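Open your viewer, and let's take a short walk through this protein together. At each stop I'll suggest what to select and tell you what is there.

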Amino acid sequence: MPLLDKNALLAQLVDRLHQSDRLAHRAEADAREAARSLATESEKKEDGRAAIEYGSLATGQAQRARRVHEELQALADLQKAGLPRQPPKGPVALGAIVDMSTEDDEGFAERTFFLLPVGAGTELTGPGGDGFLSVITPSSPVGRALMGRRPGDTIEVTLAGEVREWTVLEIA
C-alpha cells in the first residue's frame, strides 16, 4: 500500500460533506419555496397534498443538513485530537487504512477501506487520483468485523445476503 496522507483524505471527506450540506440546504429552500408558491387560496386548497409533500421534503432535507453538520463536527473533533498512529501489524482501530483481499467467482479482488466515525459509503480518491478508498465506520458490518484484526486475519461479512470472506493484507 502506498503511503497515504490521512489528513488529505480527511480533508477530501470534509469537502464532500460540505458539498452535501450545500445541496441539502438548496433542496430544502427549493422545497419550501415550492410549498409557498402555490398561487391562490383555491389552488392551495386543491393542491394541499402537494404543499404537504413539499413541506415533508423540506423537513427531510433540513434533517439531512443537521446530520451532515454532526458528521462534520465529528471529523473536526477527530482532526483536533489527531489521527492515531496505526501500527502496521495491527490491530485495526479507528483511523486505520486497511487493504483487504477476497476471492469470488469473478476472481481475486482488492479493496482499501478507511475506518472513520462518519462518512460511511463515501469513495475517496488516492493521491494523484491513484485508486479509491471506501470509508467505513465501526458500526458497519465490515467495520465491526475489522476492529481489532491484524494482517493475515480473515473475516466473514454478510453483505446483501451473501457471505464474503476477506483477508487483511496491510494496515496503515
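Which pattern does the protein chain follow when read along the sequence? Color by secondary structure and trace from the N terminus: the order is α-α-α-β-β-β-β-α-β-β. That makes four helices and six strands in the protein chain. Please keep in mind that this is a predicted model.

**Stop 1: the whole chain**

Select everything and switch on a surface. The accessible surface of the protein chain comes to about 10,200 Å², and carbon and sulfur atoms account for 50% of that area. Of the 172 residues in the protein chain, 35% are buried. If you like contact maps, here is a number to go with yours: among contacts between residues at least 6 apart in sequence, 51% join residues at least 24 apart.

**Stop 2: a charged patch**

Now select residues 103 to 106. Glu103, Asp104, Asp105 and Glu106 form a negative surface patch here. Zoom in on aspartate 105, which sits in the loop between strand E1 (97-104) and strand E2 (107-115). Is aspartate 105 buried or exposed? Its relative accessibility is 87%, so aspartate 105 counts as exposed.

**Stop 3: from strand E2 to strand E3**

How many salt bridges does a search of the whole structure find? The search finds two, and we can visit each in turn.

For one of them, show the side chains of arginine 111 and glutamate 123, which meet in a salt bridge at 4.0 Å, N to O. Arginine 111 belongs to strand E2 and glutamate 123 to strand E3 (residues 123-125), so this pair ties together parts that are 12 residues apart in sequence. Try coloring the two partners by accessibility. Arginine 111 has a relative accessible area of 34% and is partly exposed; glutamate 123, with a relative accessible area of 37%, is partly exposed.

**Stop 4: glutamate 162 and arginine 164**

Which side chain does glutamate 162 meet in a salt bridge? Select arginine 164 to see the partner: the N to O distance is 3.9 Å. Glutamate 162 counts as partly exposed because its relative accessibility is 43%. Arginine 164 has a relative accessibility of 33%, so this residue counts as partly exposed.

**Before you close the viewer**

For a parting view, display the negative patch of Glu103, Asp104, Asp105 and Glu106 together with the salt bridge between arginine 111 and glutamate 123 and the one between glutamate 162 and arginine 164.

Technical notes. Residues numbered from 1 in each chain as written. Predicted model: local features only at pLDDT ≥ 70, side-chain atom pairs only at ≥ 80, totals over all residues. Heavy atoms only, no water. Patch = residues over 30% accessible without salt bridge, like charges linked within 9 Å, V, L, I, M, F, W, Y side chains within 5 Å. Areas by Shrake-Rupley, 256 points an atom, 1.4 Å probe, with all protein chains shown as cover. Lys, Arg positive; Asp, Glu negative; His and termini not counted. Charge placed at Lys NZ, Arg CZ, Asp CG, Glu CD. Helix = DSSP H or I, 4+ residues; strand = E, 2+ residues; numbered from the N terminus. Buried < 20%, exposed > 50% of the residue type's maximum accessible area, 1.4 Å probe, protein only. Contact = heavy atoms within 4.5 Å.
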